[in-house]
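Work through the exercises below with the sequence and the model side by side, and try each task before reading its solution.

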Amino acid sequence: MAADDAIETIGLTKVFGQGGDSVRALDDVSLTIRANEFFTLLGPSGCGKTTLLRLVAGFELPTAGDILLEGESVVHLPPNHRPVNTVFQSYALFPHMSVAKNIAFGLEMRGLDRKEVDRTVEEMLTLVKMEAMAGRRPAQLSGGQQQRVALARALANHPKVLLLDEPLSALDLKLRQGMRVELKALQKRTGITFVFVTHDQEEALTMSDRMAVMSNGRVQQLGAALEIYERPVNRFVADFIGDTNFLVAEVSGRSNGLVRCRAAGLEVDATPIGQPSPGQRVTLALRPEKIVLRRGGQQGRVVHAMYIGTDTNYDVELADRTKLNVRVQNALDGGAGYRVGDAVGIEVPPGAARMLED
């Protein structure tokens with residue numbers, strides 16, 4: 001474990017139940033989370049991300065493996081002896097206490113001096129911009145304001161790691177978008193390691209320094225947002241992160257470090273994985289926004305068009321009945337672009353398609 005690492009999990013496994021009714025929620029997960037980074041565990045329901053968070057927090061014990069915090073094993077420590085705090089999806093605020101009292105609660109339980117408690121509460125209220133609402137109770141606050149109080153309460157003890165279990169899921173879209181910016185800024189200001197659990201790809205892409213994409217209790221890919229979106233390693237990651245076209249292709253040769261493939265009547269120079277040989281059948285991932293449509297071509301025909309404001313999504317049927325989803329940014333004048341029935345040419349820039357491992 002490097003000196004600048006906050007968390008390391010080693011072969012972490014969690015099995016719920018016994019015998020034929022057992023469920024392997026985590027399966028030999030080893031990963032490292034750096035100090036002072038915004039790290040996201042991303043995946044669909046049941047992938048193991050919340051189980052991993054609960055193991056780090058100490059709310060569950062692993063079936064096998066170890067958890068290191070700053071190089072020290074904490075696997076046998078109870079939650080209150082670990083230098084972490086958790087913000088839950090429900091916020092779990094005390095309804096009968098004011099905002100200030102909610103923030104002070106953990107500090108008072110530690111037996112801190114009253115002046116120290118008051119100073120820290122004031123500092124936290126300023127940090128989350130809630131100074132004017134110190135006397136209100138949770139029922140008098142909006143969802144976003146309640147979330148700020150939950151964050152302030154969790155940060156008041158100055159944890160080394162803050163765990164966030166889908167804290168934005170109960171908020172409406174506009175508020176979620178605003179809170180993403182605030183959360184990221186808060187993490188940078190405090191310098192605390194944030195471990196954020198979500199199933200929302202946009203949240204992960206816009207907030208994370210790095211993320212781990214999970215499925216079936218395993219980490220499928222770990223890296224920065226750009227790396228995972230642009231260079232997914234397998235079909236699950238490519239399909240889960242954003243929109244993707246999948247093309248079955250046959251390798252025909254090489255060109256300038258790329259692999260030339262034939263797919264659905266198209267010639268595509270794709271980014272390779274490994275050393276594929278001519279004649280080999282592979283799967284290509286191709287993002288809709290990377291495809292270029294040309295007027296007057298005969299490679300495809302527009303069969304559906306959906307205007308979504310900034311872009312228009314087109315379904316284009318190729319000669320062999322393969323359908324491609326294509327995203328085109330709308331013109332300045334909001335012009336119609338292509339219409340259903342239009343014949344179009346298809347251009348795939350070199351390297352835009354990526355070969356997948358499976």
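Two strands count as paired if DSSP finds at least two bridges between them, and the helices (H or I, at least four residues) and strands (E, at least two) are DSSP runs numbered from the N terminus. The model is predicted, so local features need pLDDT of at least 70 and side-chain atom pairs count only at pLDDT 80 or more, while totals for chains, interfaces and linings use all residues. Residues are numbered from 1 along each chain as its sequence is written, and side-chain values use heavy atoms, with hydrogens and water left out.

**Exercise 1.** Determine how many bridges join strand β16 to β17, and place the two strands in their sheet.

*Solution.* Begin with β16, residues 311-318, which runs antiparallel to β17 and is joined to it by 7 bridges. As one example of this register, N313 has R327 in β17 as its bridge partner. Next, widen the view to the open sheet of 4 strands, whose order is β17-β16-β15-β18 with antiparallel pairing. Its edge strands are β17 (323-329) and β18 (343-347), each of which pairs on one side only. Finally, the twist from one strand to the next averages 55°, where axes are lines fitted to C-alpha atoms, for helices over the stretch in contact, and angles run from 0 to 180 degrees between N-to-C directions.

**Exercise 2.** Decide whether strand β9 is enclosed or open to solvent, and find its pairing partners.

*Solution.* The criterion comes first: buried means under 20% relative accessible area, exposed means over 50%, and partly exposed lies in between, with a 1.4 Å probe and protein chains only. In β9 (residues 210-215), 6 of the 6 residues are buried, so the strand is largely enclosed by the rest of the structure. Both faces are covered, with R210, A212 and M214 buried on one side and M211, V213 and S215 buried on the other. Turning to the partners, strand β3 (residues 38-42) pairs with β9 in the parallel sense over 4 bridges, and L41 has A212 as its bridge partner there. Strand β10 (residues 218-223) pairs with β9 in the antiparallel sense over 5 bridges, with M214 standing opposite V219. The hairpin of β9 and β10 has 2 residues between the strands, and N216 takes a positive phi near 55° in it.

**Exercise 3.** Trace the salt bridges of R114, K290 and E60, and state where the charged residues lie.

*Solution.* A salt bridge here is a side-chain nitrogen of Lys or Arg within 4 Å of a carboxyl oxygen of Asp or Glu, and a search of the whole structure finds 22 of them. Start with R114, whose salt bridge to D118 has its closest N and O atoms 3.1 Å apart. Both residues lie in helix α3 (residues 114-127), 4 residues apart, which is about one turn of the helix. R114 is partly exposed at 42% relative accessibility, and D118 is likewise partly exposed, at 41%.

Continue with K290, whose side chain meets that of E230 in a salt bridge of 3.1 Å, N to O. K290 lies in the loop between β14 (281-286) and β15 (292-307) and E230 in helix α7 (residues 225-230), so the pair ties together parts that are 60 residues apart in sequence.

End with E60, which forms a salt bridge with R54 at 3.5 Å between the closest N and O atoms. K14, R54 and E60 are linked in a network of salt bridges.
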